[in-house]
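Q: Got a structure here I'd like to talk through. Can we start with the contacts and then move on to the annotated residues?

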Amino acid sequence: MAILLTRDSKILVQGITGNQGRFHTKQMLAYGAAVVGGISPGKSQERVEGLPVFDTVQEAVGTTHANASIVFVPAPFAKDAAFEAMENGIKLVVLIPEHIPVQDSIDIVARAQELNVTVIGPNTFGLISPGEKTKMGIMPNHIYQPGPIGVVARSGTLSYEIAFSLTNGGFGQTTVVGMGGDPVVGQTFISVLHHFKNDPDTRAVVMVGEIGGSAEEEAAEYLKSFGKPVVAYLAGRAAPAGKRMGHAGAIIERGRGTLESKEKALTAAGASVVTMPWQVVDALREVMKGV
Amino acid sequence: MKQYEYLAKGALREYGIPVPPGRLVNNPDEAAQAVQEIGPAALKAQVLVGGRGKAGGIRFATTPDEARQVAQAMLGMDLKGYTVERLYAEGKLAIEREFYISVTTDRNKKVPLVMASLAGGVEIEDVDDAQIVRQWVDPRVGVMPYFGRELAQRLGLNGVLARELSDLVVKLYRIYQDRDAELVEINPLAVVDGHLVAADARLNIDDSALFRHGDVPIIDEGSELEQKVHKIGLAYVELDGDIAIMANGAGMAMATVDAIQYFGGKPANFLDAGGGASVEPTAQALDVLVSMHPKVIFINIFGGITRCDDVAQAILQVKNSSGIPVPLVVRLVGTNEKEGVRLLEEAGISAYSDMAPAAERAVELAGEGRA
């Protein structure tokens, strides 16, 4: 099993005729994902990887009965694309672009809550469910394998590093979810953890966090009643205050968002917190002993 | 992106929030003229550092001559590493009380947050939590005057001040929305003659929204080197060590900096070469690292979208053109790893496949690390 993304997810690609859209459509299909079509206004006579291209989400949903969409349009147009998907009944929207204005994200997330839509991102690598052979995202295909570990991360490449070490260490994954590196994103650690809690196949969870905000502290409160082992690794130990470390959300502001505060909260909640990414597998082996 | 005080005040004025009379001052003559026009004034250095007053960045002048002298002394002075290029001359206020108000984004609740306090004039982090009133905004509803009345009531204000606060918070929220602000803050929100006046203001604009604000001046607070790398389009933060670092992706770059420090080394920088960077930007980024004259350069790549052969090409390009005169440690795994490693090996560079030994080796080559 998996969370959020399964074989039943019929996927549209918004912005399918752009470079990124084309490349990742091919990669998603190669992984086995059920991509059923794409949107690119004015280009509906084209086909991409043999898939139909539509002018509107409405038309695409009417024809393909898609229920999920991944957005590759440039950031200034992402709010329009996200709303178009949500207003047409799409229930899982993955927002890949970086640099979507925060106010746009606030509006997207507020509407998603009203319509009961799951938004992943913005500024995310997406999500992947290896056991279901499906993915919506830009992550490399070869580093994952099916198994009992749920992974929830804020960062892309760092989560690849850790997922690959899990795979090499014999720990496959149910679903790997990228929340995104922006200050305002659709998910919280808590919302994703809640799905993992209810997924019987997920036996332990790896959290990959970083400095900035207080998502990890809030998650710690939830972990007290989570009931499954958790290993956490957080990046940004050496980051100076007041500097954005690549991600718009990765910044220690006015004394908030430090690693110490996050690690302390997670440790107190019973998570196994490691200092370096290569320590995750050993820590996982340790906490899995009791499971 | 932070905005200078005079720009923040300008925004408040434009939206009808009362601010003291003020003039932007570029030279001593303009300072004299400003005081001529607005009377006794504070001359405030336009720099983006906190604690400006204590560091000598705010001085007073009562006459035009005095203003000229004070401006002469302040313009060009160094304030916590920043050169003072402009001053803002602002009429002195007879402040009776100091409040605080701001609109910002609550990252966890994912909605705008209004914070207000009757204990203003100090950094809000230093105010006791019990003295701060927080009201979250439903973004689909926005802020109407009733929101301000409720805020005033919870603060314990009534009469004129309550009415003025209610009016002000509506305008402040409009600035937050219209300007794509991360933060718009008035501190202190002064009471002068029984009325509210914005004595000092901060306005930080969301970098991601600059495309729809063509009129906003781009202010890069970074060091010279940081600004140079930002212009290439890469995220870069200068640190004070001597092991130069490049990695792909923000999280990996942070973890790489952490790893160098973990083994006792001193990272010189944070550099995210991008999650899917191709040859050219990677080579440009490496050129920057070489120009820093570090003890060691450490490149840590997990090739997902980034292709290892592209990274190897970039390394060889720099090595063959400008040269890499310091020890280089490369960790290279992932997409097209074999090809990338082969290219490097042909040029006499061996690559690590694991992060930990590579980071440890970089620290060792720098002559640092744990005894």
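Q: How many residues of domain 1 of chain A are in contact with domain 2 of chain A?
A: This is a predicted model, to start with. In it, 12 residues of domain 1 of chain A touch 11 residues of domain 2 of chain A.

Q: Where are those domains in chain A?
A: The domain assignment puts domain 1 at 11-120 and domain 2 at 139-288 of chain A. Their C-alpha centres are 26 Å apart.

Q: What area is buried between the two domains of chain A?
A: About 910 Å². Carbon and sulfur atoms give 55% of that.

Q: Which elements on the domain 1 side touch domain 2 of chain A?
A: Helix H1 (19-31), helix H4 (102-115) and strand S7 (118-120) of chain A each give two or more residues. H4(A) gives the most, with four residues. By type, that side of domain 1 of chain A has eight nonpolar residues, three polar and one charged.

Q: How many salt bridges cross between those domains of chain A?
A: The rule finds zero salt bridges there. It does find two residue pairs in polar contact across that interface of chain A.

Q: Switching to the chains. How many residues does each give to the contact between chain B and chain A?
A: Chain B gives 51 and chain A gives 57. The area buried between these chains is about 4,300 Å², with 60% from carbon and sulfur atoms.

Q: Which three residues of chain B supply the most of its buried area?
A: Arg107(B), Lys110(B) and Phe302(B). Together they supply 19% of what chain B buries against chain A.

Q: And how many salt bridges between chain B and chain A?
A: Five. One is between Arg212(B) and Asp104(A), where the closest N and O atoms are 2.9 Å apart. There are also 18 residue pairs in polar contact between the chains.

Q: Which element of chain B gives the most residues to that side?
A: H8(B), with 10 residues. Other elements that give two or more include helix H6 (159-178) and strand S10 (181-192) of chain B. The chain B side divides into 26 nonpolar, 11 polar and 14 charged residues.

Q: New topic. Which residues does UniProt list for "binding site"?
A: Its unreviewed entry lists Asn248(B), Gly304(B), Ile305(B) and Thr306(B).

Q: Why do they gather at one spot?
A: They span 59 residues in sequence, but no two of their C-alpha atoms are more than 9.7 Å apart, so they come together in one place.

Q: Where is Asn248(B)?
A: In the loop between strand S14 (243-247) and helix H8 (250-262) of chain B. That is the H8(B) that gives the most residues to the side touching chain A.

Note on methods. Residues are numbered from 1 along each chain as its sequence is written. Chains are lettered from A and ligands numbered from 1 in the order in which they are written. This is a predicted model: local features need pLDDT of at least 70, side-chain atom pairs count only at pLDDT 80 or more; totals for chains, interfaces and linings use all residues. Side-chain values use heavy atoms; hydrogens and water are left out. Domain bounds come from an automatic or database domain assignment. Contact means heavy atoms within 4.5 Å. Buried area is the accessible area (1.4 Å probe) that two parts lose on being put together, summed over both. A salt bridge is a side-chain nitrogen of Lys or Arg within 4 Å of a carboxyl oxygen of Asp or Glu. A polar contact is a pair of N or O atoms within 3.5 Å; within protein, one must be able to donate a hydrogen and the other to accept it, and residues adjacent in sequence count only if both atoms are side-chain atoms. Ala, Val, Leu, Ile, Met, Phe, Trp, Tyr, Cys and Pro count as nonpolar, Asp, Glu, Lys and Arg as charged, and the others, Gly among them, as polar. UniProt positions are given in the numbering used here, feature names are shortened, and annotations may be inferred rather than shown by experiment.
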